[in-house]
Amino acid sequence: MNATVYLGLFLSAFGAATLLPLQSEAALAGLLLLGEQPAWALVLVATVGNVLGSMLNWLFGRYLERWHDKRWFPVRADTLVRAQRAYHRYGRWSLLMSWAPIIGDPLTVVAGVMREPLWSFTLIVLIAKAGRYLVLAAVTLGLLA
């Protein structure tokens, strides 16, 4: 077991989940093809890193929301309240798209701004991120044709 490999994959997945322009799929696929570590361990490390990165986005969104009453904040207070109500009614399940390129990372920030409870945020994002990595692993290893 090479801890450096796992740490590198974790950091790649963590960074890819933030608003940084990174991606972890190539790192995971490359490590899977090398076959030196168990596939389940690589998928687990990538999933944990990616979910924790999304949780950082959520935290950023929660922190950003504190300034909703400031004049420079880009959304009026009444509009934010309406958006929060709509998000809580319809938007929670949009987090299932948190795995998707381009839209996934901003969705996790919006969830923080919209005050999505951490438990439901984490559960839905975990399902989405683990699902993506499981499918990627299965395709990379030829288990899905």
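Which residues touch the most other members of the largest nonpolar core? Of its 15 residues, they are Leu9, Leu28, Leu42, Ala46 and Tyr133. The tour of this predicted model returns to them after a view of the whole chain.

**The whole chain**

Begin with the cartoon representation of the full chain. Six helices and zero strands make up its secondary structure, and the order along the sequence is α-α-α-α-α-α. Aligned on the principal axes, the C-alpha atoms occupy a box of roughly 55 × 30 × 25 Å. Of the contacts between residues at least 6 apart in sequence, 74% join residues at least 24 apart.

Switch next to a surface. The accessible surface is about 8,500 Å², and carbon and sulfur atoms account for 71% of that area. Buried residues represent 42% of the 145 residues. Colouring by charge shows 12 positive and 7 negative side chains, with the centres of the two sets 11 Å apart.

**The largest nonpolar core**

Now select Leu9, Leu28, Leu42, Ala46 and Tyr133, the members of the 15-residue core that touch the most other members. Four helices, α1 (3-17), α2 (25-34), α3 (39-65) and α6 (118-140), each contribute at least two residues to this core. The greatest contribution is that of α3, with five residues. Apart from this core lies another, of ten residues, including Leu95, Ala111, Met114 and Val125.

Centre the view on Leu9. Beyond the residues up to four places away in sequence, Leu9 touches Ala27, Leu28, Leu31, Leu42, Val45 and Ala46.

**Trp40 in helix α3**

Move to Trp40, which is located in helix α3. Is this residue buried or exposed? Trp40 has a relative accessible area of 62% and is therefore exposed, the cut-off being over 50%. A distance drawn from the C-alpha atom of Trp40 to that of Leu134 reads 8.8 Å, although 94 residues separate the two along the chain.

**Thr18 between α1 and α2**

Select Thr18, in the loop that links α1 and α2. Its relative accessible area is 8%, so Thr18 is buried. Display the side chain together with the backbone of Gly15: the side chain of Thr18 reaches the backbone oxygen of Gly15 at 2.7 Å. Then show the surroundings of Thr18. With neighbours within four places in sequence left aside, Thr18 is in contact with Gly53, Leu56, Asn57 and Asp105.

**Helix α5**

Asp105 leads to the next stop, since it is among the buried residues of α5. Select residues 104-113, the extent of this helix, and note that eight of its ten residues are buried. These are Gly104, Asp105, Leu107, Thr108, Val109, Ala111, Gly112 and Val113.

Continue to Arg115, in the loop between α5 and α6. What value does phi of Arg115 take? Phi is near 65°, a positive value in a residue other than glycine. Most residues other than glycine have a negative phi. In terms of exposure, Arg115 is partly exposed, with a relative accessibility of 37%.

**Ser120 and Glu116**

Select Ser120, which belongs to helix α6. At a relative accessibility of 2%, Ser120 is buried. Show its side chain with that of Glu116: a polar contact of 2.3 Å joins the two.

**Tyr87 in helix α4**

Keep Glu116 displayed and add Tyr87, which lies in helix α4 (residues 77-91). The C-alpha atoms of Tyr87 and Glu116 are 8.4 Å apart, with their positions 29 residues apart along the chain. Is Tyr87 buried or exposed? Tyr87 is buried, as its relative accessible area is 8%.

Finally, display the contacts of Tyr87. Not counting residues up to four places away in sequence, Tyr87 touches Arg92, Ser94, Leu95, Ala111, Met114 and Glu116. Among these partners, Leu95, Ala111 and Met114 are members of the core of ten residues, and Ala111 is also one of the buried residues of α5.

Conventions: Residues numbered from 1 in each chain as written. Predicted model: local features only at pLDDT ≥ 70, side-chain atom pairs only at ≥ 80, totals over all residues. Heavy atoms only, no water. Buried < 20%, exposed > 50% of the residue type's maximum accessible area, 1.4 Å probe, protein only. Contact = heavy atoms within 4.5 Å. Areas by Shrake-Rupley, 256 points an atom, 1.4 Å probe, with all protein chains shown as cover. Lys, Arg positive; Asp, Glu negative; His and termini not counted. Charge placed at Lys NZ, Arg CZ, Asp CG, Glu CD. Core = buried A, V, L, I, M, F, W, Y, C linked by side-chain atoms within 4.5 Å. Polar contact = N/O pair within 3.5 Å; in protein donor to acceptor, adjacent residues only side chain to side chain.
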